[in-house]
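Q: Got a minute to go through this structure with me? I'd like to talk about the cysteines to begin with.

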Amino acid sequence: TAKIRVLNLAHNRIQRIRSQDLQQAVNLRTLLLQSNKISSIDEDSFQSLAKLERLDLSNNSLAHLSPLWFGHLFSLQHLHLQGNSYRDLGQSSPFSSLRNLSSLHLGNARFSVIRQGNFEGIELLHELWIDASNLSQYELGSLKSIKAINHMIINIRSINVLSEIVRDLLHSVTWLEVTEIKLPLEETSLVQNSTHPFRIQKLTFKEAFFTDQTISQAIVLLKEITSLKELEAINCVLEGKGIWNTEKIVRSGQSFVESVTIIKVTIDNFYLFFDLEGMESQINNLKRLTIASSNVFMVPCKLARNFLSLLYLDFHDNLLVNNRLDETICKGSWPSLQSLNLSQNSLKSLEQTAKYTSRLPKLNNLDISQNNFGEIPDVCKWPKALKYLNLSSTQIPKVTACIPQTLEVLDVSGNNLKEFGLQLPFLKELYLTRNQLKTLPGAAPIPNLVALSVRRNKLNSFSKEEFESFRRMELLDASDNNFMCSCEFLSFIHHEARIAQVLVGWPDKYVCDSPLAVRGAQVGAVHLSLMECHRSLVVSLICILVFLVILLLVAVGYKYHVVWYLRMTWAWLQAKRKPKRALPKDICYDAFVSYSENDSEWVENTMVRELEQACPPFRLCLHKRDFVPGKWIVDNIIDSIEKSRKTLFVLSERFVQSEWCKYELDFSHFRLFDENNDVAILVLLEPIQSKAIPKRFCKLRKIMNTKTYLEWPAGEEQQ
């Protein structure tokens, strides 16, 4: 439909594309049809695809290419036609209307002919890939119609055809990549009367085969391309021992190549390889040299001293050892060298490595990572100009003063370091990834730090003070740590304005490990509750609040006699569980005497004596004498009242103020009105105002107003 932008039908069994198949897909941008069985395409199948930008028809069964297929693909930028069965591109150009084409892939194992005019209409290409492994015929000038090709990759085996193609490409290609070539012994010029200036600057050989003879010949031939600055050999095989025709190479003049890259070159019996004596004059102008994964174990001192202009040297993933390094970096060698990569070798002594590299006066960038040093001395001698040092994954257990103070960039990642406290006043970048650090390093010894990486350590958090102590910090990578999302840490994260600008990988790579409730959540998205953040404060406030509430309840209870009501309720509940009236056999006393302790002298010496010595005597219950020891006072009072026929109250001002007298009066008051009988006898020891009696004893007031009570007279004769 018209809504489709991308249609991927790759790896199916489609055999034919018909006119109406894609008629409605007018907005299609990408059409992927690779790895089908397409052998037939109607001429107007792509007519409605004016907006198509990428078309992949590779690895199908197309026996020919028709210009009519591509006639309406005005927006096409990427066209892949490799892996089909066509033998040529036709008599004319199938690409004449593809004015916006950027990359073109074509050719196959049967592709054998390229004719003039096959590429008419194409002026500029970013990438041209041709599988020409069996190309046998190339008409001169076929590729000249393309004015500029940034990168051309050609898989070719015929050196004669390659020579013809190169001559056509000298003025258009910037980077030529040749795969599977096997150079011959005969000399065939690559330039052959071509006019200067040439455009080609970089030449790459992939999976090529060389011998001592052919490589000597190739060096001579490539000198003809005066514009060539960069030479690469990747996954190539060299059969020989380094016995090159150096005389012929020297006679051919000076090389213009400034950069040589050799990666994964296989040399059988590499340990028998010669020292390339005689090549010294050919390397004077070389500025960059990379020989990686190629079993290099030494460079002869004589050869090393002739790399006069070399600025960059990369020997990573080779077989260099410390005792051979003395020869490779001898005195006077590599005089202009600024960057040296010795990573992934077999170096064991950091002290010796530092000593040998100190012979390089201009060296400022040194990578010796992924060597198993194991130990680090306290003092080392380094190049005086050294600014960048990579010691990552070298098994050093700590950092010492061996590390030079001149550094601006230091990488000690992957060493299981537990702390970092070096004084490095000029350091701007520090990489501590994959260590065991629990805190950020101190800022005072590294005051000029701009970038810090502590990714994948044991960092739980970092404080506002730690963060702000790095005054010049622009980038901090603390991702992939197990953060403890405490309230303090979260508060800092949420309120620090620079966090998003400074933290690398924020917020996706910063995840809480604890507390358990937020494990796995992004740090920036976590907000803990007030209770979780201020637990002790909240608990304290709750305790204070509870205390104040209790205090308030006590005050209210005291004012409104709540205690009295509670006591009365309790007494009432207890009384309800007992018989209404004690049986006669359970009556032990004639009267229970309730009095204030302040009135005890009159009660005990006057009233009790008179009543208990009367005839017949009365049996009185006194709390001092008759309460059961160890029994709850309230129970003693209730039992004594219930076991007495009457309750005798000795009333006075002091009686009303006594708490226990009040309770005795309370229960007697309850019993009096609950049982509707006269169990209470009131004796006023002294005149007492009616209003002095608590208001809650309204019934008692009524009794005093309606019933007879006794008054103890002041006159002795009336007593």
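A: Sure. With -95° about the S-S bond, C380 and C402 make a left-handed link. Keep in mind that this is a predicted model.

Q: Where do C380 and C402 sit in the chain?
A: Both are in loops: C380 lies between strand 22 (365-367) and strand 23 (388-390), and C402 lies between strand 23 and strand 24 (409-411). The two are 22 residues apart in sequence, so the disulfide ties those parts together.

Q: How far apart are the sulfur atoms of C380 and C402? And are these cysteines buried or exposed?
A: The sulfurs are 1.9 Å apart. C380 and C402 are both buried.

Q: How many disulfides does a search of the whole structure find?
A: It finds 3. Another one is C301 with C330, where the sulfur atoms are 1.9 Å apart.

Q: What's the handedness of the C301 and C330 disulfide?
A: Right-handed, because the torsion about the S-S bond is about 90°. C301 is in helix 4 (residues 301-304), while C330 is in the loop between helix 5 (322-328) and strand 21 (339-341), so parts 29 residues apart in sequence get tied together.

Q: Are C301 and C330 buried or exposed?
A: C301 counts as buried at 10% relative accessibility. C330 is buried as well, with a relative accessible area of 6%.

Q: And what about C485 and C512?
A: They form a disulfide too, with 1.8 Å between the sulfur atoms. The S-S torsion is -90°, and the link is left-handed. This pair connects distant parts of the chain: C485 is in the loop between strand 28 (482-484) and helix 8 (487-495), C512 is in strand 29 (residues 511-514), and they are 27 residues apart.

Q: Why do C485 and C512 count as buried?
A: The cut-off is under 20% relative accessible area. C485 has 1% relative accessibility, so it counts as buried, and C512 does so at 3%.

Q: Which cysteine sulfur is nearest to that of C543?
A: That of C487, but it is 19 Å away, and C543 is in no disulfide. C543 counts as partly exposed, at 48% relative accessibility.

Q: And C615, buried or exposed?
A: Exposed, with a relative accessible area of 82%.

Q: Changing topic: what does UniProt list for residues 537-558?
A: The record, an unreviewed entry, has that stretch down as "transmembrane region". In the model, residues 537-558 are 100% helix and 0% strand, with the end C-alpha atoms 31 Å apart.

Q: Let's do the sheet. What's the strand order, and is the pairing parallel or antiparallel?
A: The order is 31-30-32-33-34, an open sheet of 5 strands with parallel pairing. Its edge strands are strand 31 (620-621) and strand 34 (710-711), each of which pairs on one side only.

Q: How many bridges join strand 32 to strand 33?
A: There are 5 bridges, between residues 644-651 of strand 32 and residues 680-684 of strand 33, and the two run parallel. F649 is opposite L682 of strand 33.

Q: Which strands does helix 13 touch?
A: Helix 13 (residues 600-612) packs on the sheet and touches strand 30 (589-594), strand 31, strand 32 and strand 33. The angle between its direction and that of strand 32 is about 145°.

Q: And which strands does helix 15 lie across?
A: Helix 15 (residues 633-642) lies across strand 30, strand 31 and strand 32, at about 120° to strand 32.

Q: OK, over to helix 2. Why is helix 2 said to be largely enclosed?
A: Helix 2 (residues 212-222) has 11 residues and 9 of them are buried, so the rest of the structure largely encloses it. Among the buried ones are D212, I215, A218 and L222.

Q: What covers the buried residues of helix 2?
A: The cover includes strand 13 (202-206), strand 14 (209-211), strand 15 (230-234), strand 16 (237-239) and helix 3 (246-251).

Q: Last one: which residues is S259 in contact with, leaving aside neighbours within four places in sequence?
A: K229, E230, L231, L286 and R288. S259 is found in strand 17 (residues 259-263), and it is buried, with a relative accessible area of 9%.

Note on methods:
Residues numbered from 1 in each chain as written. Predicted model: local features only at pLDDT ≥ 70, side-chain atom pairs only at ≥ 80, totals over all residues. Heavy atoms only, no water. Pairing = 2+ DSSP bridges. Helix = DSSP H or I, 4+ residues; strand = E, 2+ residues; numbered from the N terminus. Contact = heavy atoms within 4.5 Å. Axes fitted to C-alpha atoms, helices over the stretch in contact; angles between N-to-C directions. Buried < 20%, exposed > 50% of the residue type's maximum accessible area, 1.4 Å probe, protein only. UniProt positions renumbered as here; feature names shortened; annotations may be inferred. Disulfide = S-S within 2.5 Å.
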